[in-house]
Amino acid sequence: MRKVHVITQKEAVDEQKIEGCTVVVLDVFLATSTITFLIDKNYWPVYAVENSESGLLLSIEIDEPYILLGESKGDAIEGFLYPDPSLLVRTESRKAAVICSTNGTRAIKKAENAKKLYISSLINGHVVANSLHDQTDNSSIVLICSGNDDRFSMEDFIGAGHIIHHLMNKGDYSLSDSSKLARDAFNYSLSQNFEGLLTSETANLLNSLGYEKSIAYVLDHFEKIDVVPVLDGNKIIVHPTEDIIFKEETGSKIGERRYRHEYY
């Protein structure tokens, strides 16, 4: 029986211990939500870096159109778009994206040597759970909550519980104590329509900075994005067994462009 464990903040990650594990990184407000929305809006691959300096250095090596996004302790970075998913506009022509953040992208870097690394949020945790359940190996599943600058984050813990909720509906898993608590926290939060998340520390920070729409945008897209981002080398792409459908709105009609296995 596969084991499932939740690490409540990135600072508690032992990089050697997770090398043989399947890892999921969550930063619901906002980095992993933004990464998922980026791919859904035709920005891929996505490069997650620790800080703006790393982002600028990496951008020099990218030989295709790209955008830079980032924040530092919640503040905007000069020359970077703020990683607020509600501000993203779908691009007709595919572009790469480079993103840095205080928590989520740093958690991704800490977990980059995992056996497999998924990116998840409340917007896509249901399909990430499907992909985890379909894995044929018996590796332990470790859900890493990015946290909030060396502190616990309610929304990431509930996002981990979201995945566990779906896993347990599909089969039997051995849950650690933190996994059981995360599942229960998710179920309670769902029953309350996630109202508690509106007053979380991160939500309060974003509200104070004028990005209150980002919180509502993420919660309004609960389980509405069917994208499974995974780390492949140094870039984040769509899981190679997944289809991604980009919808284009023209007048009252919605056309679809389907991409499959175009990531290699």
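**Cysteines.** I began with Cys100 in this predicted model, and I noted that Cys100 is buried, with a relative accessible area of 1%. I then looked up Cys145, which is buried too, its relative accessible area being 0%. Since both are cysteines, I asked myself how many disulfides the structure holds. I found that the count is zero. For Cys145 I checked the distance as well: the nearest cysteine sulfur belongs to Cys21 and lies 15 Å away, whereas a disulfide would need the two sulfur atoms within 2.5 Å.

**Nonpolar cores.** Next I turned to the largest nonpolar core, which has 48 residues, and I wrote down that Val23, Phe29 and Ile144 touch the most other members. I reminded myself that in soluble globular proteins nonpolar side chains tend to be buried together. I followed Ile144 further and, leaving aside its neighbours within four places in sequence, I listed contacts that include Ile7, Val13, Val23, Leu26 and Ala111. Lys10 is also among the residues that Ile144 contacts. I recorded a second, separate core of 23 residues, with Val6, Val127, Ala129 and Tyr173 among its members.

**Strand 1 and its partners.** I then traced strand 1, residues 3-7, and asked which way it runs relative to strand 8, parallel or antiparallel. The two strands run parallel, and four bridges join strand 1 to strand 8, which covers residues 141-145. As one example I noted that Val6 has Leu143 as its bridge partner in strand 8. Strand 1 also pairs with strand 9, residues 174-175, in the parallel sense and over two bridges, and here I noted Ser174 of strand 9 as the bridge partner of Lys3.

**Helix 2.** Last I looked at helix 2, residues 52-61, and asked which of its residues are buried. I found Ser52, Gly55, Leu58 and Ser59. Seen down the helix axis, these buried residues fall within an arc of 125°, so they line one face of helix 2. I kept in mind that an α-helix has 3.6 residues a turn, so residues three or four places apart point the same way. On the face turned away from the buried side I found the exposed residues Glu53, Leu57, Ile60 and Glu61. I also asked what covers the buried residues of helix 2, and the cover includes strand 3 (43-49), strand 4 (66-72) and strand 6 (95-100). At the start of helix 2, I noted finally that a side-chain oxygen of Asn51 reaches to within 3.3 Å of the backbone nitrogen of Glu53.

Key
Residues are numbered from 1 along each chain as its sequence is written. This is a predicted model: local features need pLDDT of at least 70, side-chain atom pairs count only at pLDDT 80 or more; totals for chains, interfaces and linings use all residues. Side-chain values use heavy atoms; hydrogens and water are left out. Buried means under 20% relative accessible area, exposed over 50%, partly exposed in between (1.4 Å probe, protein chains only). The arc is that of the directions from the helix axis to the C-beta atoms. Contact means heavy atoms within 4.5 Å. A polar contact is a pair of N or O atoms within 3.5 Å; within protein, one must be able to donate a hydrogen and the other to accept it, and residues adjacent in sequence count only if both atoms are side-chain atoms. A nonpolar core is a set of buried Ala, Val, Leu, Ile, Met, Phe, Trp, Tyr and Cys residues joined through side-chain atoms within 4.5 Å. Two strands pair if DSSP finds at least two bridges between them.
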